[in-house]
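Trainee: Could you take a close look at one part of this structure with me? I'd like to hear about the aromatic ring pairs and what surrounds them.

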Amino acid sequence: MTPQDRQVNFADLRREHEAATIGPLLWALTVELAGMVGRRYRPAEYNGGAPWDKASIEELAQQTAVDLLIGEGQIDYIFTVADSTEDVRRLLTRNVKRALWRRRSPTVVDRLKGRACEMASQPPLAIEYVGSRRWITSSGDPGAPRELSDAELRRAAAAARRIPRLIEREGAERASMVYSPGML
């Protein structure tokens with residue numbers, strides 16, 4: 001494809017967007033990108049366990065178009081910042097990935113992290129934010145958050161080894177128990 005072809009395609013995409021928001025060219029591009037991106041993601045986590053077929057690809061494209069491109073105004077943003085067909089493709093791909101992330105089934109680790117954060121926000125612990133980093137601290141501790149030393153990490157790992165492991169049962173209605181300091 002020559003740069004001139006790309007320019008024509010971009011002009012066609014822009015005209016279509018101005019006339020119909022998402023017309024046949026933009027829809028076809030969204031479906032194409034949903035297929036390319038979606039097939040790289042595990043169906044068990046990102047497609048409810050169903051295989052990536054034509055119908056599920058179109059469903060992903062529709063979710064991307066309705067929820068993100070139109071619902072969040074991303075299509076207008078794309079045509080505000082894009083200067084080429086490649087820009088449009090890159091930004092559409094980003095939105096397909098965002099749609100996939102929203103579909104992701106929570107894992108055991110996700111649920112554990114959520115419960116651990118919930119427990120860490122209760123006294124005697126506290127969650128403190130320093131920039132974009134999240135720290136779990138002792139509430140009332142005057143010291144600034146810091147990385148744990150190797151010795152502190154070894155002590156924590158040794159303490160965690162003493163806690164009995166519970167087997168996660170597939171299909172269980174509740175996740176395995178998380179121990180709190182009062183239970184140990």
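Mentor: Sure, here is a walk through the ring pairs, then the cores and the chain around them. Keep in mind that this is a predicted model.

Let's begin with the rings. A pair of aromatic rings is described by the distance of the centres and the angle of the planes. The count here comes to two aromatic pairs. In one of them, the ring centres of Phe10 and Phe79 sit 6.3 Å apart with 20 degrees between the planes, so that pair is stacked; the cut-offs at work are centres within 6.5 Å and planes under 30 degrees apart. Phe10 belongs to helix α1 and Phe79 to helix α5, so the pair ties together parts that are 69 residues apart in sequence. Both Phe10 and Phe79 are buried.

The other pair is Tyr41 with Tyr46, and it is edge-to-face: the centres are 4.9 Å apart and the planes make 75 degrees. As for cover, Tyr41 has 22% relative accessibility and therefore counts as partly exposed, while Tyr46, at 10%, counts as buried.

Back to Phe79, and on to the core. Phe79 is among the residues with the most contacts inside the largest nonpolar core, along with Leu26, Leu69, Ile78, Val88 and Leu92. That core has 15 residues, and the elements giving two or more residues to it are α1 (3-20), α2 (24-38), α4 (54-70), α5 (74-81) and α6 (85-103). Apart from it lies another core, of twelve residues, including Trp52, Val96, Ala99 and Leu100.

Leu69 is worth a stop too. Setting aside neighbours within four places in sequence, Leu69 is in contact with Ile22, Thr30, Thr64, Gln74, Ile75, Ile78, Leu92 and Asn95.

Helix α5 has another side to show: Thr80 is found in this helix, and at 65% relative accessibility Thr80 counts as exposed. Thr80 and Arg14 are 66 residues apart in sequence, yet their C-alpha atoms are 9.9 Å apart in space.

Now zoom out to the chain. It has eight helices and two strands, and along the sequence they follow the pattern α-α-α-α-α-α-α-β-β-α. Of its 184 residues, 27% are buried. Among contacts with a separation of 6 or more, 54% are between residues 24 or more positions apart. The chain exposes about 12,700 Å², and carbon and sulfur atoms supply 54% of that area.

How values were computed. Residues are numbered from 1 along each chain as its sequence is written. This is a predicted model: local features need pLDDT of at least 70, side-chain atom pairs count only at pLDDT 80 or more; totals for chains, interfaces and linings use all residues. Side-chain values use heavy atoms; hydrogens and water are left out. A nonpolar core is a set of buried Ala, Val, Leu, Ile, Met, Phe, Trp, Tyr and Cys residues joined through side-chain atoms within 4.5 Å. Buried means under 20% relative accessible area, exposed over 50%, partly exposed in between (1.4 Å probe, protein chains only). Helices (H or I, at least four residues) and strands (E, at least two) are DSSP runs, numbered from the N terminus. Contact means heavy atoms within 4.5 Å. Rings of Phe, Tyr and Trp (its six-membered ring) pair if their centres lie within 6.5 Å; planes under 30 degrees apart count as stacked, over 60 as edge-to-face and the rest as tilted. Accessible areas come from the Shrake-Rupley method with a 1.4 Å probe; for residues, only the protein chains shown count as cover.
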